[in-house]
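Biologist: I've got the sequence and the fold open side by side. Can we walk through what the coordinates say, piece by piece?

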Amino acid sequence: MKTLLLDSKTRDLVLYHILEEEKKASLVNQKMMPFRAWLNQYLDPELSTNSQTMILYKTLHQQIDNFPIYGKMFHYPQFVEQIVQFSRKLHHCIIFNKFLPSPFSGTIIDYLPCSTPSEIELKQLLHLCLNNEMIFPTHGELDIAFTSFDNLVVLNGFYTDIFDYLIATSSTKKDLETMELPTIQEPTITYRHALNPRNEVEAIAQEIISNGLLAEDILIIPFDSSYSDLLTQVFNQYHIPHGFVSRSELSSCFLCAHALFQCYIKQDINSLIHAIEVNALPVTCNQGTRHFIDQFIQSLDDLIPSHRVNHPSLELLSERERRILEKDEADYNAFIESVTPFISSLKSNLSLREIADEVFNQCVSLFDSKHTQDLYELKSYLEDIYQYIETLEDLELVLYQTKGKTMNSTSSCLGRVAISDPTHPIPCRKVAYILGASQKSYPGFTPESGVFDESYCAKTPYPTMQYRFEAYTTQLEWIKKCAHTIHFTFPLLDYQGKKSEAAFELEGLVDKVSEIHCVLSDKEMNEKHLLQPELANALYLKDGRLHGSVSSFETYFNCPYAYFLKSGLRIDDFSYTALESNTIGTIQHAILETACRTKGKKYSKITQDEMESIAQPYYNYLVSLLPKNKNRIDIIYSKMIHNLATSFEFLDEMESNTSFDPNQFEYKFESTFFDHITLRGVIDRIDTSYDLLRILDYKSSDKTLSETSIKAGLQLQLCTYLIIANSLFNKHAIGAYYYSLKNENISLPSILESKEVFSDWSDDDTHREYIKSNQLSGWTLEELDTLDYTGTHIKYLRPTKNGISFTLFDETTIETCIRELYEMLYEKVIGGQINVDPVENACTYCKYRTICRFKGQQKKPSALVLQDTSLKKGRDVDEVE
């Protein structure tokens with residue numbers, strides 16, 4: 001019986017080729033096995049790298065004090081693993097010494113570098129590892145008489161291990177019978193580029209279909225493992241049958257095992273949630289339950305049934321928020337019931353060996369027969385390290401070894417496009433595509449790195465980089481003869497926008513590097529959606545009118561599709577109060593409202609104690625609602641009080657320089673002032689002076705009115721509130737302003753210069769800059785000296801030697817603009833226009849991005865009404881935008 005040594009990954013393709021060449025239906029008296037499996041028959045068995053790392057890790061921890069340079073590195077499994085891996089290479093140098101390009105005599109330790117203190121310590125560490133019989137049992141040089149293997153045939157393939165390459169090339173030159181895969185001596189070769197990897201793969205798929213190529217005639221070799229998922233996606237999209245000769249994938253079993261081990265070691269909420277997220281536990285945790293845990297649960301001990309929804313501290317929740325909290329609490333209690341058995345196991349003080357058994361049994365219960373190989377690998381790993389698990393620190397090493405573990409898998413390539421990699425030669429086909437063949441990835445040789453890099457290896461008996469590189473590139477030559485037509489391709493840019501260049505080694509094969517064409521769909525990336533009028537009326541209108549707040553209507557002008565999801569389908573995030581900027585803003589508004597109601601125009605005289613007295617119930621509420629955030633709440637609360645105190649200093653001076661008094665606070669309204677629109681909202685503050693009126697809107701950050709934004713429908717609120725207030729109170733509107741409750745930084749020069757005279761920055765200068773940074777920002781409609789006696793507290797008012805200079809806006813034109821915008825809004829909404837068409841920055845904080853997945857270009861804001869009409873009065877040239 002003959003034995004054929006070949007790669008197990010390519011076995012089916014090679015056998016099919018042999019049967020086809022010999023025109024046979026089957027092979028008899030033929031045994032097949034991988035080259036390394038055959039060679040291992042003549043070598044003493046070795047422990048796995050994981051076991052060797054575990055032994056050395058425990059050994060080194062007893063000798064930390066003996067290694068002043070590298071001792072602290074013993075706590076890092078990566079470092080210990082590097083020592084083991086390089087020790088394996090040295091151990092193989094000993095076994096295969098006579099096959100090395102430069103054989104050595106004596107002990108290999110004598111050939112290790114020791115010219116510096118760090119090299120001396122590394123030599124001691126390698127000696128310690130190699131001389132440990134538990135890690136590397138004594139093994140002499142390999143001595144095989146290859147002439148005795150008459151019935152052995154070696155299929156020349158690709159040897160990724162340099163020692164396999166040394167044995168194979170040495171023996172096949174002399175005694176062993178070899179078999180070569182057929183090659184094409186003079187293939188047609190092209191070298192082309194695409195814009196990015198996606199275009200590269202899609203262009204190839206289109207070329208396969210348009211040229212009518214058979215799947216079984218095509219070979220694809222990516223030089224980057226990241227192409228695997230991309231090839232699967234695109235080929236499935238184009239219905240091209242394909243298989244992988246060898247594919248590296250994240251191991252599901254090891255992923256779950258890692259998550260479970262982490263739960264037993266750390267015993268915290270985050271580890272438990274992670275285990276659920278990777279499906280390591282047969283438990284579901286929906287978004288509401290996760291939010292509930294994030295808000296209220298601090299440790300595993302807190303994972304008990306909850307009755308928080310009936311707690312008196314939650315009285316301030318709105319009815320909607322209470323309903324959401326009630327549902328989340330019910331889901332959470334169901335979650336507790338299902339996860340309790342696992343939590344009991346975590347707290348049952350299992351031995352380390354019992355923990356490993358429990359983890360494996362849990363994985364067995366999770367996976368079906370499709371993951372048999374995966375489970376077998378996990379079982380083998382645990383059996384290897386069982387005897388070495390003695391302390392909790394050993395389990396930390398298990399965490400490192402199971403994290404990110406990958407598995408090599410293969411799928412049938414017979415009758416399909418064969419997707420291989422450079423290290424797995426297969427019988428030649430008619431057409432081959434070599435993907436990702438750029439300078440960065442081609443030829444794909446990986447030099448030694450880390451502690452034992454190439455500069456260190458060059459001083460040892462380990463084969464030099466030059467020798468290993470030549471061995472690699474010699475074997476890689478099969479790619480240039482693997483098909484009748486070979487297309488090398490590479491992307492000009494990766495997904496991060498980094499540029500790629502053509503590989504030097506390939507440019508000499510062709511006359512020029514051309515472009516591979518990918519036909520892009522003419523279909524728009526974002527379709528224009530349109531609702532039927534009947535459906536739009538049913539979704540939006542009530543009693544024939546469009547109801548909503550001003551901010552909701554601004555949403556439509558920002559993006560019609562977002563408005564459709566929010567106000568049409570009423571899709572919500574189903575969350576309740578969290579520690580966000582609007583939560584803090586609510587407390588600030590409450591303090592300002594209470595101060596104005598109780599003190600009138602002297603509200604700015606409020607003391608810090610009075611502010612804290614008003615804010616205390618809100619503080620207590622937040623702490624009760626968000627116990628995990630108490631420290632953060634304390635910091636934000638303290639900063640908020642301090643900022644308000646600074647704001648009141650400005651407001652106190654502003655109030656002493658105006659005839660206007662606070663009249664209405666947090667004024668709620670519902671108005672039908674505009675045709676077809678029912679508006680509801682809350683005006684933060686309305687000030688009056690005799691028959692005059694102005695409004696103030698508190699903001700948590702600096703904000704200004706922009707004429708373009710108003711005409712684009714993006715800043716409706718302030719002007720709408722002014723028009724509504726004017727109609728409700730029958731007074732004459734003077735202005736509408738924002739006031740920022742955020743204390744802006746003031747930039748002050750150390751020295752002032754005026755007409756070559758230098759002076760220090762005075763307190764008056766500082767005060768003037770402080771007032772300037774806190775000014776009201778908005779639009780003034782009439783010249784009125786009593787609006788601001790000094791002209792310093794409102795932007796676009798300027799004191800001059802002749803009095804105060806005003807930049808004015810026309811009330812009638814503003815009202816016309818706002819009316820036309822609301823009429824346009826009504827027409828578009830009832831017309832069913834819900835296209836995905838966001839303006840700049842509309843997507844930044846949009847909670848519907850995961851639904852629309854907009855990838856296009858956001859448009860710049862532009863006037864929708866009164867394009868040729870200014871909202872300013874007269875010919876004032878001041879720019880207010």
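Biologist: Let's start with one serine. Is S441 buried or exposed?

Modeller: Bear in mind that this is a predicted model. S441 sits in the loop between β11 and α16 (454-457). Its relative accessible area is 14%, and the cut-off for buried is under 20%. So S441 counts as buried.

Biologist: Which residues is S441 in contact with, leaving aside its neighbours within four places in sequence?

Modeller: We know S441 belongs to the loop between β11 and α16. With the sequence neighbours set aside, its contacts are F223, D224 and G436.

Biologist: β11 came up there. In what order do the strands of the open sheet of seven run?

Modeller: The pairing in this sheet is parallel. At the edges are β7 (242-244) and β13 (514-515), each of which pairs on one side only. Reading across, the order is β7-β10-β6-β11-β12-β5-β13.

Biologist: How many bridges join β5 to β12?

Modeller: β5 covers residues 188-194 and β12 covers residues 483-491, and the two run parallel. As a landmark, T190 stands opposite H487 in β12. The number of bridges joining β5 to β12 is seven.

Biologist: And helix α8, at what angle does it run to β7?

Modeller: α8 spans residues 227-237 and lies across β6 (218-222), β7, β10 (417-419), β11 (429-435) and β12. Angles here go from 0 to 180 degrees between N-to-C directions. For α8 and β7, the value is about 165°.

Biologist: There's an open sheet of four strands as well. Which are its edge strands?

Modeller: Its order is β2-β1-β3-β4, with parallel pairing. The strands that pair on one side only are β2 (30-33) and β4 (177-179).

Biologist: What does the twist average from one strand to the next in the sheet β2-β1-β3-β4?

Modeller: We're still on the open sheet of four strands, paired in parallel. From one strand to the next, its twist averages 30°.

Biologist: Which residue stands opposite T3?

Modeller: Look at β1 (residues 2-5), which four bridges join to β2, the two running parallel. Opposite T3, in β2, is K31.

Biologist: On to charges. How many salt bridges does the structure hold?

Modeller: To count, a side-chain nitrogen of Lys or Arg has to be within 4 Å of a carboxyl oxygen of Asp or Glu. D164 and R36 pass, with N to O at 2.6 Å. For the structure, the count is 36.

Biologist: How far apart in the chain are the partners D164 and R36?

Modeller: Their side chains meet in a salt bridge. D164 is in helix α6 (residues 162-174) and R36 in helix α2 (residues 35-40), so we're looking at a link between distant parts of the chain. The separation is 128 residues.

Biologist: Of that pair, how does R36 count, as buried, exposed or partly exposed?

Modeller: Its partner D164 is buried, at 9% relative accessible area. R36 comes in at 22%, and the partly exposed class lies between the cut-offs of under 20% and over 50%. R36 therefore counts as partly exposed.

Biologist: What separation in sequence does the salt bridge between K58 and E390 tie together?

Modeller: N to O in this pair is 3.1 Å. K58 lies in helix α3 (residues 49-60), while E390 is in the loop between α14 (372-385) and α15 (392-402). K58 is partly exposed at 21%, and E390 is exposed at 56%. The parts they tie together are 332 residues apart.

Biologist: Last topic, empty space. Which element gives the largest share of the lining of the second largest cavity?

Modeller: A search of the whole structure finds two cavities of 30 Å³ or more, and the second largest holds about 30 Å³ of space. Its lining residues include L592, F665, R685 and Y698. The elements giving two or more residues are α22 (581-599), β16 (661-671) and β17 (677-689). The largest share, three residues, comes from α22.

Note on methods. Residues numbered from 1 in each chain as written. Predicted model: local features only at pLDDT ≥ 70, side-chain atom pairs only at ≥ 80, totals over all residues. Heavy atoms only, no water. Pairing = 2+ DSSP bridges. Contact = heavy atoms within 4.5 Å. Buried < 20%, exposed > 50% of the residue type's maximum accessible area, 1.4 Å probe, protein only. 1 Å grid on protein atoms, 1.4 Å probe; cavity = no way out; pocket = protein on both sides within 12 Å on 5 of 7 lines; lining within 4 Å. Points joined across faces, edges and corners; volume = space filled by probe spheres on them.
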